[in-house]
Amino acid sequence: MNIRDLWAESLAGMLARPVRSALTTLGTVLGITTLVVTMGIAATAGNQIVGRFDELLATSVTVEVPQNSRQALVSWEAAAELRRLRGVVSATALAQSDKSSNLVVTANNLLDPTQVAGQTLAVVAATPDLPATTRGRLLTGRFYDAGHLTRGDRVVVLGEQAAAMLGITRLDHAPAVFINDRAYTVIGIIGGLQREQILASAVLVPPTLGPDFGLKNVTRVLVGTQLGAAELIARQAPLALSPNHTGELQVIAPPSPKRARDGAQDDVNGLFLILGLVSLIVGAVGIANVTLVTIMERVAEIGLRRALGAARRHIAAQFLLESSLIGLTGGVIGASLGTVAVVVVAAVRQWTPVLDIRLALAAPAVGALVGLLAGLYPALRAARMEPVDALR
Amino acid sequence: MPEPVIELTGVCREFPADPPVRALDDVTLRVDHGDYVAIIGPSGSGKSTLLNILGLLDRPSSGSYRLDGIETTALRDGARTRLRGARIGFVFQSFHLLPHRTVAENVMLAEVYGQHPRRGRLARAEQALEQVGMGHRIGFRPDRLSGGERQRVAIARALMARPSLLLCDEPTGNLDSRNTEAVLDLFDGLRSQGLTILVITHEDEVSAHAKRRVRIGDGILTEQG
C-alpha cells in the first residue's frame, strides 16, 4: 500500500464526518491550549520579574557586620581594599546604630517655641565612595573626599528627603545643620539613589566624624559588582574584609537569576500543568471513544477493504493515522489558541511575550501523540475483525 | 489443459457447536476459465459459507481449494489477503460503496491495496466505469445513484483490479426487475469478454442466465443441466 494512499484514505475518513471530528478534537484543543498558556505565561512572567530586578539586584552584595564584640571586625579602610577584588565596581563601608538613627537635626540653632524646628533623622557614617555604590547623583554641591577625612572637617552631605525636610535647597551660603548642638557644614545634597534608597532621608557624615554620634565601627559594607560577579564576590568579600572573622559576617547576596526564574515558574505552573494534563487525558479518552464508535459504524467498510485485499496492518494503520490526525488537528488549534492567549495576556499586562519556539512546535506533536495512543485500542479492534464477520 | 480457476476437492466446513454443524460436506467443484456458474439454494443451505471459502474470507476445515492452480488452504493470512485482492472481484448484495466518496474514488479503492501504480489510476477507473456503462457518473456520490447504478459501480470496482474470478453474492437481491435485467445483461457481456463469473443466488431469473447451474442443499452440491 502506497503511503500516499494511506494518507488519502485516512484524511477522507476523518473528513467524512467533519462535525464529529471537530468535536472530537475539542478535548485535545483544551489540553494543549492549557499547557501552552501555562508554560507561555510562566515563561513570560518569569522573564519580566528577572528582567526588572536583574541589573540592580543581581549586582548588589551587602555584608552585615555584627557589633557584639569589643573590637572592630571590619576596618574603615577594608572597604576600599575590596575594590582590588576582580568584579567589584565600588564598595562603601557604613556605620549606623539605633541611637544614631533617631537624632534631632535642625537647620539653625534658634529656639523658636512656636514651631517644631527639629527633624528626627538618621545619621549615617559612610566612606566617600557612597555615591558610586548607591548610584546616586549629587543634586547640588559635592560629596566629601579623602581630604575632608584627613582634616577631620565637620561637613555633612544630606539625603534628598532630609534636605527637603530641613528646608535646605541651596548651598551657596554654606548652610549648616545642628546635631547635638554642634554645627556641621552642608556641602552637598545627594539624590536619585538606586541602592539603599533609605539613605535619601539620612544625614551622611565622614567616618572621622562618626565618633561624635557613637559610630566608631563599620556596621555594613555595600558592594556593587559587575553583572554575574555577585555570587563570587559574596563568597570572597568576608575573607577580604575580615580574614579572622569570616564566619561572623553575614553576607546578603542576590538570588541567582536562574533560581529567580524557576521560582516564578513554579508558582504559576503546578496547578495549571496538572489541569492541562488532565484535559489531555480526557481528550485522549474522547478520541478513543469516538474512534471506537466510528469503527463499529464502519464495520462494513472494514470488511469491504479486507475483501479488496487490505491486510490487518493496513486497517490498523488507517485508523491509527485517522486518530493521530484528529489529535494533530487539536494540537495545532490548541497551540495557536495558546500562543494567541499568551500574546494577549502579555499585551494587557504590558509584558514582552516570551514563548519557547520548541514549545510551539512540540504542542502539535504532543496532540498527534495523544491521538496515536488513543487510537491504539480501536485500531487493534478494527484490525482483529474477521472479514467474514465484517461483511455479514 | 490449462489450470481451472476454481478447484475444490473434498472441502468440508464445520462450525463448532454441540453437535458440530457441518455447513459444507465433501464439496467438489471445478470452474474453468470463462465459465458462468450459478450456485442456487435456499437460505441456510451453505451458500454463504461456500462463498466465504471461495472468496478466501474463510478457511475450509478439511479438503483442498486451488485458485488459479495455487493451493490456498496452506497459505498464511497475509498471502491469502494478497491473493484475494489480486485475483477475486467481489460484488455484494448491499453494494458496499463508501457513502462519502465519489463514484470514481469508490472504484479506485480497488487499487489502493496491492502493487498498483498511482499513475493512470483515474483513467483505469474511468475505463472500468465505461465498461459497466457508468462513465457519465464519475463525480457523483453513491447516494445520488439508483440501486442498479450503485451495483454497476460496485461491479466496476470489482473489475478494476482485473480479477480472474468475479464472485457475486446475491447481486440483484436489492434491485427491481428492470435493474436486475440490466445487471444480468452486464454479466452476459463480461462473460462474453472471457471473465469467469460465479453467482450465488436464490432467484431463478438470475440463474437462468448462467451457463452452468449448481444446486446446494444441506452443504451438498449437485450439478444441474
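**Exercise 1. Work out how many residues chain A and chain B each bring to their contact, and which classes chain B uses.**

*Solution.* Start with the head count: 21 residues come from chain B and 19 residues from chain A. Here two residues are in contact if their C-beta atoms, placed from the backbone, lie within 7 Å. Next, look for the biggest giver on the chain B side: helix α2 (residues 77–87) of chain B gives the most, with six residues. Helices (H or I, at least four residues) and strands (E, at least two) are DSSP runs, numbered from the N terminus. Last, sort the chain B side by class: eight nonpolar, eight polar and five charged residues touch chain A. For that sorting, Ala, Val, Leu, Ile, Met, Phe, Trp, Tyr, Cys and Pro count as nonpolar, Asp, Glu, Lys and Arg as charged, and the others, Gly among them, as polar.

A word on the ground rules: this is a predicted model, where local features need pLDDT of at least 70, side-chain atom pairs count only at pLDDT 80 or more, and totals for chains, interfaces and linings use all residues. Residues are numbered from 1 along each chain as its sequence is written, while chains are lettered from A and ligands numbered from 1 in the order in which they are written.

**Exercise 2. Describe how helix α5 (residues 147–160) of chain B and helix α6 (residues 177–192) of chain B cross.**

*Solution.* First take the axes, which come within 9 Å and cross at roughly 20 degrees. (Axes are lines fitted to C-alpha atoms, for helices over the stretch in contact, and angles run from 0 to 180 degrees between N-to-C directions.) Then name the arrangement: α5(B) and α6(B) are therefore roughly parallel. (Angles under 35 degrees count as roughly parallel, over 145 as roughly antiparallel, 65 to 115 as roughly perpendicular and the rest as oblique.) Now pick out the touching residues: α5(B) puts in B:Gly147, B:Gly148, B:Gln151, B:Arg152 and B:Ile155, and α6(B) answers with B:Asn179, B:Ala182, B:Val183 and B:Leu186. By class, that makes four nonpolar, four polar and one charged.

**Exercise 3. Find out why strand β6 (residues 155–159) of chain A counts as largely enclosed, and which strands it pairs with.**

*Solution.* Check burial to begin with. A residue is buried if 20 or more other C-beta atoms lie within 10 Å of its own, exposed if 12 or fewer, and partly exposed in between, with C-beta atoms placed from the backbone. Five of the five residues of β6(A) are buried, so the rest of the structure largely encloses this strand. Both faces are covered, with A:Val155, A:Val157 and A:Gly159 on one side and A:Val156 and A:Leu158 on the other.

Now the partners. Two strands pair if DSSP finds at least two bridges between them. β6(A) and β8(A) are parallel and share five bridges, and A:Val155 sits opposite A:Thr185. With strand β9 (residues 202–205) of chain A, β6(A) runs antiparallel over two bridges; there, A:Leu158 has A:Val203 as its bridge partner.

**Exercise 4. Decide whether A:Val157 and A:Gly191 are buried or partly exposed.**

*Solution.* Count neighbours for each. A:Val157 has 27 C-beta neighbours inside 10 Å, so it is buried. A:Gly191, in strand β8 (residues 182–191) of chain A, has 16 other C-beta atoms within 10 Å and is therefore partly exposed. Leaving out residues up to four places away in sequence, A:Val157 touches A:Phe143, A:Tyr144, A:Ile187, A:Gly188, A:Ile190 and A:Leu204.
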